Amino acid sequence: MRTYDAMNPAAVAVQLLLTACITVFCMEPVLLGISLLCAMTFFFMQNGTGHKGFHLFALGIPLLFALLNPLWNQHGTSVLFFINNRAITKEALFFGAVTGLRLAAVLYWFRIFSDLMTSDKLFYLLRFLSPKLALVFSMAVRNLSLFRQQMHRIQAAQKGLGLYREKHFIDDVRGGLRVFSILITWALENGIITASSMTARGYGTGKRTSCTNFRWKRQDVLLLVSALLLSGLVIALIAAGYLERVFYPVAVPPDRNFGWYGAVAAYALLAMLPLIHEGKEMLLWYRLRSNI
Amino acid sequence: MIVIHSARIRRMLGTALPFAIMPALVLLLPVGVQAEYYALVSFLMVVLALLLFLSGFERRELGTRRMILVSVMTALSVIGRLLPLVKPITALTVLSALYLGKEAGFLVGAMSAVLSNFIMGQGPWTPFQMLAWGLIGLFAGICAEPLKRHRALLYGYGILSGAAYSMLLDVWTTVWTYKEFTAEGYKAAMATGLPYAVLYAVSNLLFLMIFTKPIGEKLARIKKKYGL
């Protein structure tokens, strides 16, 4: 059993980023609906029913967007009603709804991206760009927790000295600044020691060797290739204008020809790749278990 | 990886590209590119600018010690969020740039954006934040001498960079919302972003007032002690 977040980070990042990017640059409601549906399904599969605050944010802000757009957008011809002498048009409402849908879908995809692409995976991807930079980045990530621990230690020592009153605002702020100042001194010296230690062990003297934590298996290659092919197809069809939508002055339903169906179907497959993978692995798991 | 052999051209490109790309992004694109691809192209160009600048880092002789100090300052600027909403990232980026050089400034700014977004949430705005903070560091490093000498100038730079940061991110908001860059859209985005711009400017000023003396002294001391 290999979950989606255990796949090669490069393949996962390509699939998620392409799916999200196509969502950002498309205004076809059907495609956006598919995108949001797939993202939400995958999010629920990953997280269960938790994260109510995020759902509220990711669905509430777009709703607000949809309702507010007609207030400042005066395009469109079919007037529904007036507020303060400003015409509220059906087209503006529709446009706002589509924009909101797009926003919600993108928010979900990027939340999934943030959850799956932890800093170690980003570090793995960054190595392709520059090993030196990847080193600095990974040390910064490590320093975060190191400094936090050190900060608690300094705080405890300061409290032990009896310098501050309990629950006193000014003392809290002054103490916080003092602890931070002590931390900086310590961190800089500690950094220099680390650098000297690295130099002593021969950092930067010869060609760098490295090991890879994430291997390329057949599944990863398959995922990467299918993500690239499908998104290439969708982008080509979008560039050819099959998914173009006219919202103003009158919303025109799209010409649902072969290209339209092709683009939407290809995108649906692309967005469902994580779901297909998880579904397949789950089926395999149940089948193997029933055989035991 | 892109390899340019002449060191002078490399240095020139490394500084000029992020500068040249941002104005080009805002001014030149509407002529050549269809409106619906504007957002895509601007996003790609920002990513490209970052990649170009960062991949140049591989060939640069920054020195192990300076490199480690960059990672230390990055972690400090992320951890230094003592209060909600206001972040000392700008102040620490500027101070690192003043004492460790313009490249270190760019890196501290750009990497702090990525790292703090692990806490605040990554998104399509991350490259824009990286570029904005990176440029704040780069500019500070270029004008290091006058900024170090006159305190008032440094405070002015802090206020200005708060406003500039907000304005640069408003470009992103406009492009993302309207799919093209229009003057009215930008004005609307700036109007909604005004409270944030004020907040950034004030918090930058505040943090610079608090941090410049102690952190500046510490960095200057480290530089002197270890001969960076």
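**Exercise 1.** Which residue follows α8(A), and what is the sign of its phi? Work out, too, which residues of this helix are buried and where they lie around its axis.

*Solution.* The model is a predicted one, in which local features need pLDDT of at least 70 and side-chain atom pairs count only at pLDDT 80 or more, while totals for chains, interfaces and linings use all residues. Residues are numbered from 1 along each chain as its sequence is written, and chains are lettered from A and ligands numbered from 1 in the order in which they are written.

Step 1. The residue after α8(A) is G241(A), with a positive phi near 90°; helices (H or I, at least four residues) and strands (E, at least two) are DSSP runs, numbered from the N terminus.

Step 2. Helix α8 of chain A, residues 218–239, has 22 residues that should span 32 Å at 1.5 Å a residue, and this agrees with the 31 Å between its end C-alpha atoms; the expected span is 1.5 Å times one less than the number of residues.

Step 3. Buried in α8(A) are L223(A), A227(A), L230(A), S231(A), V234(A), L237(A) and I238(A), where buried means that 20 or more other C-beta atoms lie within 10 Å of the residue's own, exposed means 12 or fewer, and partly exposed lies in between, with C-beta atoms placed from the backbone. These residues cover an arc of only 120° around the axis, which puts them on the same side of α8(A); the arc is that of the directions from the helix axis to the C-beta atoms.

Step 4. The face turned away from that buried side carries the exposed residues R218(A), V221(A), V225(A) and A239(A), whereas the buried residues pack against α1 (9–24) and α9 (258–291) of chain A.

**Exercise 2.** Describe how β1(A) and β2(A) pair, and decide whether β1(A) is buried or in the open.

*Solution.* Step 1. The two strands pair in the antiparallel sense over four bridges, pairing being assigned if DSSP finds at least two bridges between strands. I83(A) has R86(A) of β2(A) as its bridge partner.

Step 2. Two residues stand between the strands of this hairpin, and N84(A) takes a positive phi near 50°.

Step 3. Strand β1(A), residues 79–83, lies largely in the open, because the number buried among its five residues is zero.

**Exercise 3.** How many residues does each chain give to the contact between A and B, and which residues have the most contacts inside the largest nonpolar core?

*Solution.* Step 1. Chain B gives 36 residues and chain A gives 35 residues, two residues being in contact if their C-beta atoms, placed from the backbone, lie within 7 Å.

Step 2. On the side of chain B that touches chain A, the largest share, 13 residues, comes from α4(B). This side divides into 25 nonpolar, eight polar and three charged residues; Ala, Val, Leu, Ile, Met, Phe, Trp, Tyr, Cys and Pro count as nonpolar, Asp, Glu, Lys and Arg as charged, and the others, Gly among them, as polar.

Step 3. The largest nonpolar core has 70 residues, and V136(A), V70(B), L76(B), V94(B) and L95(B) have the most contacts inside it; such a core is a set of buried Ala, Val, Leu, Ile, Met, Phe, Trp, Tyr and Cys residues joined through C-beta atoms within 7 Å.

Step 4. Neighbours within four places in sequence aside, L76(B) is in contact with F147(A), I184(A), A187(A) and L92(B). I184(A) and A187(A) are among the buried residues of α7(A), and the buried residues of α7(A) pack against α6 of chain A together with α4 and α10 of chain B.
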